Structure formats: structure tokens, C-alpha cells
Amino acid sequence: MTAVGNAPINSAVCHWGRTSGYRCSHVADTDTCRTLSGHRYCGLDVTDDDVSAGGDSGGPWFFGNTARGGHSGASDGVASYFTRIGRVRVHLDATVLQN
């Protein structure tokens, strides 16, 4: 990755998952809270369709060379959810390596 940035609404976003491989969608909502599989998650970006599967947890979300987030391990069969990249520095005190 050569850049890092939160994805804006309606932007294209792709992910790589161990189970589902390489798939893309568009961002339908950003920085939201959802209850998934009985747990409450916040700071999520939401895609407009479900392009992920069990086993994809932790995989990268990106577009081109821009890191957008990390895959969250919950699904509702309607959308995919990922933790937005801006939360990495704030909550994990980490950064994304860039070439």
C-alpha cells in the first residue's frame, strides 16, 4: 500500500479474504455501530452487498494502493463490515506500512 485513508460513502472498496478471495463492493455507510452475531461493534464501514465469508476475518480492505480497513468477523448475509483504517492508529496505536 502506498496510501492510507478512510473510504467515503459510495466509493469502491475491495477486500482479500482467505475464504472468499478477491471481491469488491461499494461503501453504503461509514463509521457506524451495528449489532452482529449478538455483539455490538462500532467504527464500522458497511458495504452495499455481502462479499465476504467466514474465515475472511482480519483480511485487508483497500482500493488500488490505498488501505481502507480490516475485515470484521461478523456477517448478516446482506452486507460486509470492516473496521475503518482511521481506527487503527486511534485504538491500536499502530500504523499501516507503506512502500
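**Disulfides, strand pairing and salt bridges**

With a torsion of 115 degrees about the S-S bond, the link of C33 and C42 is right-handed. The structure is a predicted model, in which local features require a pLDDT of at least 70 and side-chain atom pairs are counted only at pLDDT 80 or more, whereas totals for chains, interfaces and linings use all residues. Residues are numbered from 1 along each chain as its sequence is written, and side-chain values rest on heavy atoms, with hydrogens and water left out.

The sulfur atoms of C33 and C42 lie 2.1 Å apart and form a disulfide (a pair of cysteine sulfur atoms within 2.5 Å). Both ends of this link are partly exposed, C33 at 30% relative accessibility and C42 at 39%, where buried stands for under 20% relative accessible area, exposed for over 50%, and partly exposed for what lies in between (1.4 Å probe, protein chains only). A search of the whole structure finds two disulfides, and the other one is formed by C14 and C24, with their sulfur atoms 2.0 Å apart. The torsion about the S-S bond of C14 and C24 is about 100 degrees, so this disulfide is right-handed. The pair links distant parts of the chain, 10 residues apart, with C14 in strand β2 (residues 12-17) and C24 in strand β3 (residues 21-36). C14 is buried at 3% relative accessibility, whereas C24 is partly exposed, with a relative accessible area of 38%. When bonded cysteines are counted along the chain, the disulfides follow the pattern 1-2, 3-4.

The protein chain has one helix and seven strands, taken as DSSP runs numbered from the N terminus (helices H or I, at least four residues; strands E, at least two). Read along the sequence, these elements follow the pattern β-β-β-β-β-β-β-α. Of the 99 residues, 37% count as buried. Among the contacts (heavy atoms within 4.5 Å) with a separation of 6 or more, 53% are made by residues 24 or more positions apart.

Strand β2 takes part in two pairings, a pairing being called when DSSP finds at least two bridges between two strands. β2 and β3 run antiparallel and are joined by six bridges, with A12 standing opposite H26 in β3, and a hairpin of three residues leads from β2 to β3. β2 also pairs in the antiparallel sense with strand β5 (residues 60-63) over two bridges, and here H15 stands opposite W61 in β5.

Two residues other than glycine have a positive phi: N10, near 75 degrees, and D31, at about 45 degrees. N10 lies in the loop between β1 (3-4) and β2 and is exposed at 62% relative accessibility, whereas D31 lies in strand β3 and is partly exposed, with a relative accessible area of 41%.

The count of salt bridges (a side-chain nitrogen of Lys or Arg within 4 Å of a carboxyl oxygen of Asp or Glu) comes to three. D31 takes part in one of them, meeting the side chain of R87 at 3.3 Å, N to O. This pair links distant parts of the chain, since D31 belongs to strand β3 and R87 to helix α1 (residues 86-92), 56 residues apart. R87 is partly exposed at 26% relative accessibility. D29 forms a salt bridge with R34, the closest N and O atoms being 3.2 Å apart; D29 is partly exposed, with a relative accessible area of 26%, and R34 is likewise partly exposed at 26%. The side chains of D45 and R84 meet in a further salt bridge, at 2.8 Å, N to O. D45 lies in strand β4 (residues 39-47) and R84 in strand β7, so the pair ties together parts that are 39 residues apart in sequence. Both D45 and R84 are buried.

D45 also appears among the contacts of S80, which, leaving aside its neighbours within four places in sequence, comprise D45, V46, T47, D49, D50, V51, S52 and W61. S80 lies in the loop between β6 (66-71) and β7 (81-84), and S80 counts as buried at 0% relative accessibility. W61, in contact with S80, is the residue of β5 that stands opposite H15.
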